Amino acid sequence: MSYMRIIIATVLTGLAIPATGNFAIAAESTSAVSDAQFACERKAEVNASVARVEALQTAEFERDQNAEMEKAFAAYAEAKFARERNAEINASLAAVANLRDQEAQDVAEAEFERRQNAEADASMARVAAIQQAEFEMARNREIDAAVAAYQDAKFADERNAEIAASVAAVETARREAEFAAARNAEIEVSLSEVKSRQSSMVTGSIAR
């Protein structure tokens, strides 16, 4: 029997005791069957009262337990919701951070690629400039060589023309000298004949 059942039984039993001795003497004169029946009824009433009290206590305990469980469930639900919200917020923040990191990485890669392209373009421009300068120098050397060859050929042609002219002049002079010598010889022959005829005419003889 629980502590509450003992208290209730004690109280009900005290109410059943007569207040004066006259009632005690009268009670003793009743039959044993009535006393036993009364005791059974009182016991049944006590048991019913105890049962009602225990049922009330059990119901109150259950209500308290249910209330505590509901509070616990509510707190758990709130905590779960808060954890889920925090997880969602953290996931959103992480996604934003990852997106910003990705954007920053994309910007850095684009800037690096731009610098690489600029360096490649500058290098290609330098190579093209060097190739152009080498091509121009080679062309200038070819032009200089061609001009020098042309000048050499022109000089050689001029020298050859001068030589040919000198040779022609010498040949002409030689021919003229030969012609003059031949003419002089012919003239001397003619003069000799003329002198011979003149001499014959003076002496009166004619050469036969």
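Visitor: What is the relative accessible area of Glu45?
Guide: This is a predicted model, in which local features need pLDDT of at least 70 and side-chain atom pairs count only at pLDDT 80 or more, while totals for chains, interfaces and linings use all residues. Residues are numbered from 1 along each chain as its sequence is written, and side-chain values use heavy atoms, with hydrogens and water left out. Glu45 counts as partly exposed (buried means under 20% relative accessible area, exposed over 50%, partly exposed in between, with a 1.4 Å probe and protein chains only). The value for Glu45 is 40%.

Visitor: Which residue meets the side chain of Glu45 in a salt bridge?
Guide: A salt bridge is a side-chain nitrogen of Lys or Arg within 4 Å of a carboxyl oxygen of Asp or Glu. The partner of Glu45 lies 3 residues apart from it in helix α3, about one helical turn, and helices are DSSP runs (H or I, at least four residues) numbered from the N terminus. At 2.4 Å, N to O, the partner is Arg42.

Visitor: How far apart are the closest N and O atoms of Glu88 and Arg85?
Guide: Glu88 and Arg85 are 3 residues apart in helix α3, and so are separated by about one helical turn. Glu88 is partly exposed at 42%, and Arg85 is partly exposed at 39%. Their side chains form a salt bridge, and the closest N and O atoms are apart by 2.6 Å.

Visitor: Which residue forms a salt bridge with Glu111?
Guide: Glu111 is partly exposed, at 31% relative accessibility. Its partner, 4 residues apart, also lies in helix α3, about one turn away. With the closest N and O atoms 3.7 Å apart, the partner is Arg115.

Visitor: How many salt bridges does the count come to?
Guide: Besides single pairs such as that of Glu88 and Arg85, Glu171, Arg174, Arg175 and Glu178 are linked in a network of salt bridges. The count comes to 10.

Visitor: Which helix holds Glu109?
Guide: Glu109 gathers with Glu103, Asp106 and Glu113 in a surface patch of negative charge. Such a patch is made of residues with over 30% relative accessible area and no salt bridge, like charges being joined within 9 Å. Glu109 is partly exposed, with a relative accessible area of 44%. Glu109 is found at residues 32-203, in helix α3.

Visitor: What share of the residues of the protein chain count as buried?
Guide: The protein chain has 3 helices and 0 strands. Of its 208 residues, the share that count as buried is 4%.

Note on methods:
Patches are made of residues with over 30% relative accessible area and no salt bridge: like charges are joined within 9 Å, nonpolar side chains (Val, Leu, Ile, Met, Phe, Trp, Tyr) within 5 Å. Accessible areas come from the Shrake-Rupley method with a 1.4 Å probe; for residues, only the protein chains shown count as cover. Lys and Arg count as positive and Asp and Glu as negative; His and the chain ends are not counted. The place of a charge is taken as NZ of Lys, CZ of Arg, CG of Asp or CD of Glu. Helices (H or I, at least four residues) and strands (E, at least two) are DSSP runs, numbered from the N terminus.
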